[in-house]
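Open the model in your viewer and keep the selection tool at hand. We will go stop by stop.

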Amino acid sequence: MNWAEIGTTIDRCIDGVASPEEFAALSCELEANADARSLHLRLAWLNATLATRMEYAADQPNDVRGAAPLYLAPEQLVKTPLPARAVMLLFRNRRLAAVGVGMIGIALLVRHAPWIIRRGPSEIGVVTGAASAHPSGAKKGWRVGQPIHRGWCSLETGALELTLNNGVRMTFEGPGEIEIFSPMRASMHAGRVVVRVPHEATGFQLETPSVNVVDVGTEFAATASQGMRTDVQVYEGAVVTTAKSFGSSGGFPQRLTEGHATRFSPEMSGQAQSIPFSPDRFVRRLPKPAFGGGVDKNAWNKARIHEITITHPARQIVVDGDLSEWSPDGLFRSEHEGTQGKCFVEGRMRYDSTHLYIAAHIGDPAPMRSTIDPSNDGELGWNGGGLQVRLSTNRALGWPVNANSELYYNSRHLTVTPEQLGEATSEHLVHLTMWHYAQSGQNCLHLAYGMDFHDGIVNPAGYEGAFRKDSDGRGYTLEYAIPWTLLHASEAPKAGDNLAAVWNTHWSDETGRLWRFQHVEIYNGAETPGIHTYERAAVWGRALYR
Amino acid sequence: MRETLSNFFNLCGYILQTPMQNTSTQECFMHLLLAHEAELLRYVMVFVPQRADARDIIQETAVALWKNFEGYDQARPFVGWACGFARVEVRRFVRRAQRQRALTERALEALLGVAEEDMEVEHERERLLWDCLGQMPVVQRQLLDDYYIHEQSVEAIAREQSRTVEAIYKALQRIRRALLDCVERKQAEAGI
């Protein structure tokens, strides 16, 4: 080979278009010719630098570029909020990791870096729709027309429609986060997305913690949720899914076609499980805002009530949504004036030797519209509006309860010991989520235990629940009776017990799909306001059993 | 064929299933890995230029790094330590790729033998490269953006620009050669 041929062949090898014969010929030259080796290394270095460093350099002004290496030193990175994938990598327990990722959009990234982080100089798309789309901690919500750059996008509330330059349209539903690498590739770490891929962009790739999805001309939806679980559902056309088998080379690619849905999770070792196709499960088109489309500045209230008195029922409770047999004892009321108008919750609790009773009257301009299907998304039951109560059922845990989720430590860069995490897994810390699934009319209950949310179960046998819509259509009443056995209490509380409890009331948009805000009450006033109640049990207020 | 998407979550699964390390060790490891991911990828791409292949190699390298992290002396630069493991994975890749589109093992060894470079010099060269990029005509810069940042295929760029695929390859090669000339001219001027 002459010098010109060597140069051309090096270029062709770098670009991946050389034939096996050209690779062989170049290899011979490289073995024998020092000048060829030098040229190859210089050109390959240039290509590699452009491919790996150009995006970082592009945002740097010239004087900065010249002053220092363009990557962050490790000590700088330690002070920088980590992206969710990094945080996830830090969790030792996989289940906790999954929970962490499921909540990461609310708890960490949204707090620190709610906006897409600019990594490249060019826009790769634009926000073409926003419904109640808001990251907490930011002054403004997403707005239509806002450019999209490569990098992270996180949402605490609502949904966004992102249209990429190649026509790919993603309807991304929070809470969650998605990283957009290019118009042909994205990775969703938490949340739900519907992707519509035009013919020209066939081959678009979506990655989640448990599966890679490659479009072959279609509209498909995917979730990334607790347990590193991913559900993929195809509305039109087909996709090829490849399950990730953790620690090995991955699963065998499978074709999933229109009208079908499949579930992937690490426990399945690369095997997919067919699940029912549920056409209304995802937001395919953003709803038109009936409430003016405004975004509530505060995703939650300032808690004013720090304890609740729980008494025996004065009359036998009939779970029918009519609270006329409930006395006003222990009633609390919390109000919020949002873009939807006045929202409120009035809550009461009762107990006897067999059951815990919960009653609430909730002012909600879009009552009982939740589209959260308990058979698929029980752990997200709050997302479409409803009530969550967290409580302890063991007086030995005392008050305040000293238990934090692993996410609490990691998001604050606190050192955590295995003992601390072990103490937080008590089955006597119970998370109850209650909502009305509009499509089937089910009055649902989801239970999870410990600050690691283990053993989640939806609609377990033994509980009773009722919802009743207000006559003016501006609110609803809910009433539940839950056996202590389901709450893993070894015995019912006794009069004089001071345990822990907290209420989170959730409101969704008018579609019953997109979460808008919550009220937190029965919050420990000695704790810093604004700590997520799922992260730290010490913020739970006092439940006075009398 | 292995997936070529970024496989950090496979690594994640691996780490999460490894019981012997404590959280702070994992945190330290991930900080280092994430901080130097791009630099490691560049190192690998010098020998295996195709991005998808290089990402697979990085995945394997990351697993090896994690397995051996207890032996890492934090007084030493992480990249240098990590590149040692990356070299092993590059060799393994080239061995597996024989009779396909890859250099021979002997050619690879010849390149590895001369590829040691002072990191300071490398950073300086990179700085010169950004200077040269800043002087580049907008049209050429746009082509580089499309190819390297947006990872558009040459075929897609050709379609967009109504040019042939071969013409786009040629244009990329000319731009790279011009950039290399520019960098080396500036290096000579600066006496590096």
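This tour moves from the whole model to single strands, a loop and some helices.

**Stop 1: the whole model**

Remember that this is a predicted model. The predictor gives the complex an ipTM of 0.87 and a pTM of 0.55. Now select chain A. Its secondary structure comes to ten helices and 25 strands. Of its 546 residues, 54% are buried. Look at contacts in chain A between residues at least 6 apart in sequence: 60% of them join residues at least 24 apart.

**Stop 2: strand 17 of chain A**

Select residues 386-392 of chain A, which form strand 17. Seven of its seven residues are buried, so the strand is largely enclosed by the rest of the structure. Show the side chains. Gly386(A), Gln388(A), Arg390(A) and Ser392(A) point one way. Leu387(A), Val389(A) and Leu391(A) point the other way.

Which strands pair with strand 17 of chain A? Add residues 498-508 of chain A, which are strand 23. Strand 17 pairs with strand 23 in the antiparallel sense, over six bridges. Find Arg390(A): opposite stands Val502(A) in strand 23. Then add strand 18, residues 429-437 of chain A. Strand 18 is also antiparallel to strand 17, and six bridges join them. Two bridge pairs are worth labelling. Leu391(A) has Val430(A) as its partner in strand 18. Leu387(A) has Met434(A).

**Stop 3: strand 18 and its hairpin**

Stay on strand 18 of chain A. Is this strand mostly covered or mostly uncovered? It is mostly covered, with nine of its nine residues buried. Leu429(A), His431(A), Thr433(A), Trp435(A) and Tyr437(A) point one way. Val430(A), Leu432(A), Met434(A) and His436(A) point the other way.

Next, add strand 19, residues 442-449 of chain A. Strands 18 and 19 of chain A run antiparallel and are joined by eight bridges. Tyr437(A) has Gln442(A) as its bridge partner in strand 19. The two strands form a hairpin, with four residues between them. Click Gly441(A) in the turn: its phi is positive, about 75°.

**Stop 4: a loop residue**

Select Asp470(A). This residue is in the loop between strand 21 (464-469) and strand 22 (475-483) of chain A. Asp470(A) has 15 C-beta neighbours inside 10 Å, so it counts as partly exposed. Buried would take 20 or more. Leave aside its neighbours within four places in sequence, and Asp470(A) is in contact with Pro367(A), Gly475(A) and Tyr476(A). Draw a C-alpha to C-alpha distance from Asp470(A) to Pro367(A). They are 103 residues apart in sequence but 8.5 Å apart in space.

**Stop 5: helix 1 of chain A**

Select residues 3-14 of chain A. These twelve residues reach 17 Å from first C-alpha to last, close to the expected 16 Å. Buried residues in this helix include Thr9(A), Ile10(A) and Ile14(A). Gly16(A) follows the helix, with a positive phi near 75°.

**Stop 6: chain B**

Colour chain B by confidence. Its average pLDDT is 79, and 82% of the residues score at least 70. Confidence is lowest in helix 1 (residues 8-16) of chain B, at a mean of 42. Across residues 1-21 of chain B, pLDDT stays under 50. Confidence is highest in helix 9 (residues 165-190) of chain B, at 91.

Finish with helix 9 and helix 8 (residues 154-161) of chain B. Their axes are 8 Å apart, at an angle of about 105°. The two helices are therefore roughly perpendicular to each other. Where they meet, helix 8 brings Val154(B), Glu155(B), Ile157(B) and Ala158(B). Helix 9 brings Val165(B), Ile168(B) and Tyr169(B).

Technical notes. Residues numbered from 1 in each chain as written. Chains lettered and ligands numbered in written order. Predicted model: local features only at pLDDT ≥ 70, side-chain atom pairs only at ≥ 80, totals over all residues. Buried ≥ 20, exposed ≤ 12 C-beta atoms within 10 Å, placed from the backbone. Pairing = 2+ DSSP bridges. Contact = placed C-beta atoms within 7 Å. pLDDT = per-residue confidence, 0-100. Expected span 1.5 Å × (residues − 1). Axes fitted to C-alpha atoms, helices over the stretch in contact; angles between N-to-C directions. Parallel < 35°, antiparallel > 145°, perpendicular 65-115°, else oblique.
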